[in-house]
Each structure stands twice: as C-alpha cells, then as structure tokens.
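Today I open the notebook on a new model. I want to look up a helix contact and then any enclosed space.

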Amino acid sequence: MTRYETLVAQWRRNLPPGLVVGGGLIVALTLIALFAPQLAPHNPATLFPNGLTAAGTPLPPSRVFPLGTDAYGRDELSRLLYGGRVTLLIAGVSGFFATAIGTVVGIASAYWEGFWGNLIARFTDIVMSLPVTLLAIAMVMVTEPNLGSLIGVIVFVSWSYTARLIRQEVLTIREAEYVAMARALGARDLRVMAVHVLPQVIRTAVARFTLTVSQVVLLASGLSFLGAGVQSPQVDWGLMIAQAQNYYSSDPSLMFWPGLAIILTVAAFSMTGEALAEQLSRTPKVRR
Amino acid sequence: MVVYSLRRLGWAVIELLMVGAITFFLIYLVPADPARAIAGPHANAATIQIIRHQLGLDQPVYWQFLRYIGRVVRGNFGTSIQYDVPVIRLLWQHFPATLLLTIGGVILEVLIGLPLGLISAFKRHSIWDHLSSGFVFLGLAMPPFWVGTVLLFLLGYRLKLLPIGGYGAPWAAHLLLPALTLGIGGAAYYARLLRARVLDVMDQPFVRVAQAKGLSYRQVVIRHIGPNVLPSLLTQMGMDWGYFMGGVVVVEVVFGWPGIGWQAWMAIQNLDIPLIVGTVLFGAGWIILANLVTDLLYLWIDPRVRMGS
C-alpha cells in the first residue's frame, strides 16, 4: 500500500458516513443562519400589504414569495432562513455550557470518593428526574423572559445526563496507574483532574455536546411553541409552527417547512453525535 | 432485601425534599418581590406589606423554607392566583386526563416499539432492520408538537377519521391521536434500546453455552435472552410512566387535552406561578414514585439485584 492509500484508508475509517453527512449538514445550517440576511429575499418581519389574499388568508408560493406568505403576510422563506438563527445560538451556547458543567460535575463526583462525591451524584440523579418542560416553563416565567435566562434555564435542565455518563467513565479512569502515579508524585487533586483525567473524557464530552445540542433544539423549539421560549418579533421555527397551527386546514405548508427545518437540524446533530460516540467505542482506549 | 428497600425509600424522600428546595427557590427567591407579583401591578404599599406578612416573607429564609416544606408535605401547594382555589385541588381535577393519556401512550409505544426493536435485532441487516432504523431516526428527530399537528391534519382534517382534538366521548377516538403522538417518539426510543440490548445479550457467553448444549433457538430466546432484556425494558417503561404523568405539556396543548400539563400551559398566560410551580412539584413526585416502583420491581424480577443487596 502506498502512503497515499494508507492515508485514504485512515481517512475513511476516521470519517464514517454519519459524521460526513451530519457534519456537512451542521456546516450548511450554520452558514444559512449566519448569512440569512444575505440569503433571504425579504425582511422576515415585514408585514407585506400585498402578502395576503383579498380575503386576508396567506398567499400560495409565487415569484415574489417563493414559499408563499404566512398568516400576517410575511415572507415564509425569509422567516424559515432566519428561524434557525436564535435556535442555533441557544442550542450552541447552552449545549456548550451544559456539557462543560456536566463534564466538571461528572469528573468531580467520581474523583472524590465518599460523601461529597456521592452527594453530587445524587444531586445529578435528582435533576435528571425533574419534569424538564414544566420546570423550564416555571423558570422562564419567574425570571425575566430574555435570551440569557432562557439559555440559563435550558443549561440547568440539560447537564445531568452528561454528568452521569462522564462519572461512569471516570470511576474506571480513577483506578488507572497513571492517576496513582501522579498522586504519588505529589500532584494535587485539581491538577490530576485537569491534566490526567480530563483529556481521557474530552472525546466523550465532544460527542455529548453534539447530542445535547440536538436535544436542546427540540426542547427550545418546544418552549417557543408553548410561548415560553423565543418571543415574537424574533423569528423561530417553533414559534412559526405555533402561529401556523390555526391555519393548518387551509395552509398546511406553513407548518410543514419549519417542522422539516427542526427535524433536519436535530437529525444533523444527533447523527454527528452518534457517529462520534460509536467511533469512540471502537477505538481502543489507552488507559493502563 | 429489606435494607435495600428501606434505603431506596429513604432516598426517594430525600429526592422529594430536594425537589421541594428547588421549587422553593423558584417561587421565593428568584423574583424580586413575590408579594408584589402576587398582589398585582396596582396594589398599594400597605397591601403588599400585608401579603408579605401572610407569606411569611418578613421571616428568615431557613424558617420560610421549613414552613414551605411543612406545607407541601401536608399536601398544601399554595393557592392558584387565577382561580383562587388550592392548587392541589386543581391538580387532582386534571390528573385523570393525564393518567388516561399516559396509559394510552405507554401502551402504544410498547406496541410499536417492541416488535420493531425485536425484528431489527433478530433479523439484523434485513430490510426490516433498515426500515426500523429509519423510523427510529425520524421518530427521535421529530418534535412532538409537530407530529401531533401533522396527525391532526392528516387523520382528523383530511381523512376525517378522528375528531380534531378535545376530550370526552367517544374516548377511544379522542385518545388515539394524542397517545399516538406520544407513542411514536417513545416507540423510536424502545426500538433502539431493545435492538441494542438484544444484540448485546446475544454476544454473551451464556447464550453461546445455551446454544452449544443443544437448546432450540426458541428456547434460547425465551429462557436466556428474554429475561436479560426485560430489566432495561422495565426501566424505560418506569421512566416514561413518570415522565408522561408529569404531564407531557406539548402534546396536551396541541390536542387541547385538559391534563395537568395543559393546565400549566394555560396558567402561563395568567402568570399563575403557584399553579405552575405546584405542577412541577406534582410531576416530579410522580417521576420519583415511578422510579421507586421500578427499582423495587427489580428486586422481584432480577436475581442479581436481589442477591447483591
């Protein structure tokens, strides 16, 4: 085998189809969200006077409005392109913080044996057994409804699964000889955790990040749908479906497109996350 | 075994207390002034002062917390702002609808998910496996509020087979679509879980031993694979049970199904914080109870847990 062929083979092994398709979709969706202002034919918030029929119902697709208009005479395509921006922002930011918190909590609870470790693990279990949507609604209601508090609420309900998973891994890592060695050499707990344990779980954390993002997209759009998430006049797919609900008999496409967008986004992230997780389970772990 | 049960029970009580702490934090500590929130925007200073005193807000936080827990333990979840009746009464009033939906949802997800998962595990890489994987993939990516709306549109509006949302007689017809909406997402979960578990168990040495000693395929499946898959299935069912009971808000809202989730959603519009927080507490209680029952059932069906404790 030439060097080139080896490289290609390696590349194939490292890039399973799920990762390529999922990752490609993520890049595409992110680009659309970033360049929505350039891509969209209209301003998504403009209420076009010519955007409704004489009877006041949404317009079907036309040259001016490629996917038609919504119930308020706004351009559906532009709203669809803009609709991913807030969702992806929320999902990316809260996915990042949820994963970071989950990783830190997971490592700490496994590393510190005994009372404190157990207490943290128990707290993780409790957060996992809370009714997520209800809690998120309650928290959104008592805090100021803005993007920051929404992200905070979502982070609070999303970190626990990662924490539990990382804890299980660290329970094994903790017993490894290099950890004992590091401690014998006088490294402090924090240093052992940051320098010796963290690198071992970082790939699990990356896989969890993409999976968390896909779950947050579902949760956040659900909250927007319920009126407890992204608020009008901001554009959001969940909100679009909520607004289209009253028109599903006359204009089913109004709820079809944003639904498809959500499915595509969730699928892209979960596909990537699962491909990453599977790759992880196939690679031999250097632990002992 | 008794020790294990007691410890598990004690743990459930601690869980409840901690959930209580979280909800206490929600109502009493987060908003700038709960008395003002309850009194409304037009109340004068004297009224707010009276409400502060009534709520015990002029007392130290730890004392407020103990009083709050004491009230919750006695089933007093506060008073709904909108209806001016005890929250707990409203919760029990709407609970039967949620219970009905829960039962329907769990039955449907098992009916759909179980065969799919088993087929794709036992006939791996067949067309059925691929179809099932496709279903799992979609089922997990589709937002339930969208599935519900699409089902309403197709089966209710276009084909006119079923009523468009609502609650009441005929029960089966009204229940089918919301239960199916819950069931599709759940079934995807079950199919994936079962496939993975069955394939996992099939790889175990004891299965090879059973085959080697000449048991028929059917016997291997029934006597050796089945009992080893059952606990995971049960755990998942226990978790769903609690999760649905806690009110699947979105599905209840889409179908106008008057359960506790729908009620909490209605309470958003009226900023009825005691009602919503009470629903969180109530829902968490059901989830904790379901997890407890599942873990105790383990004692009964899984000899490893029974011996281990």
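I began with the contact between two helices of this predicted model. From H4(A), I listed Thr99(A), Gly102(A), Thr103(A), Val105(A), Gly106(A), Ile107(A), Ser109(A), Ala110(A) and Tyr111(A) as the residues that meet H8(A). On the H8(A) side, I noted Thr162(A), Ala163(A), Ile166(A), Arg167(A), Val170(A) and Leu171(A). Sorted by class, this contact of H4(A) with H8(A) has eight nonpolar, six polar and one charged residues.

Next I looked up the geometry. H8(A) covers residues 160–173, and H4(A) packs with it at an angle of about 40°, the axes lying 7 Å apart. I call H4(A) oblique to H8(A) because of that angle. The crossing of H4(A) past H8(A) is right-handed.

Then I turned to enclosed space. How many cavities of 30 Å³ or more are there? I found one cavity by this rule, and the largest cavity has a volume of about 80 Å³.

I wrote down its lining too: Asp70(A), Ala71(A), Tyr72(A), Glu76(A), Arg79(A), Met240(A), Gln243(A), Ala244(A), Tyr247(A) and Leu254(A). Here I met H4 (76–111) of chain A again, since helix H4 and helix H11 (237–244) of chain A are the elements that give two or more residues to this lining. H11(A) supplies the largest share, with three residues. By class, I have six nonpolar, one polar and three charged residues in the lining of the largest cavity.

Terms used: Residues are numbered from 1 along each chain as its sequence is written. Chains are lettered from A and ligands numbered from 1 in the order in which they are written. This is a predicted model: local features need pLDDT of at least 70, side-chain atom pairs count only at pLDDT 80 or more; totals for chains, interfaces and linings use all residues. Side-chain values use heavy atoms; hydrogens and water are left out. On a 1 Å grid over the protein atoms alone, a cavity is a set of points where a 1.4 Å probe fits but cannot get out, and a pocket is an open set with protein on both sides within 12 Å along at least five of seven lines; lining residues have an atom within 4 Å of a point. Grid points are joined across faces, edges and corners, and a volume is the space filled by probe spheres set on the points. Helices (H or I, at least four residues) and strands (E, at least two) are DSSP runs, numbered from the N terminus. Ala, Val, Leu, Ile, Met, Phe, Trp, Tyr, Cys and Pro count as nonpolar, Asp, Glu, Lys and Arg as charged, and the others, Gly among them, as polar. Axes are lines fitted to C-alpha atoms, for helices over the stretch in contact, and angles run from 0 to 180 degrees between N-to-C directions. Angles under 35 degrees count as roughly parallel, over 145 as roughly antiparallel, 65 to 115 as roughly perpendicular and the rest as oblique. A crossing is left-handed if the near helix is turned anticlockwise from the far one by less than a right angle, and right-handed if clockwise. Contact means heavy atoms within 4.5 Å.
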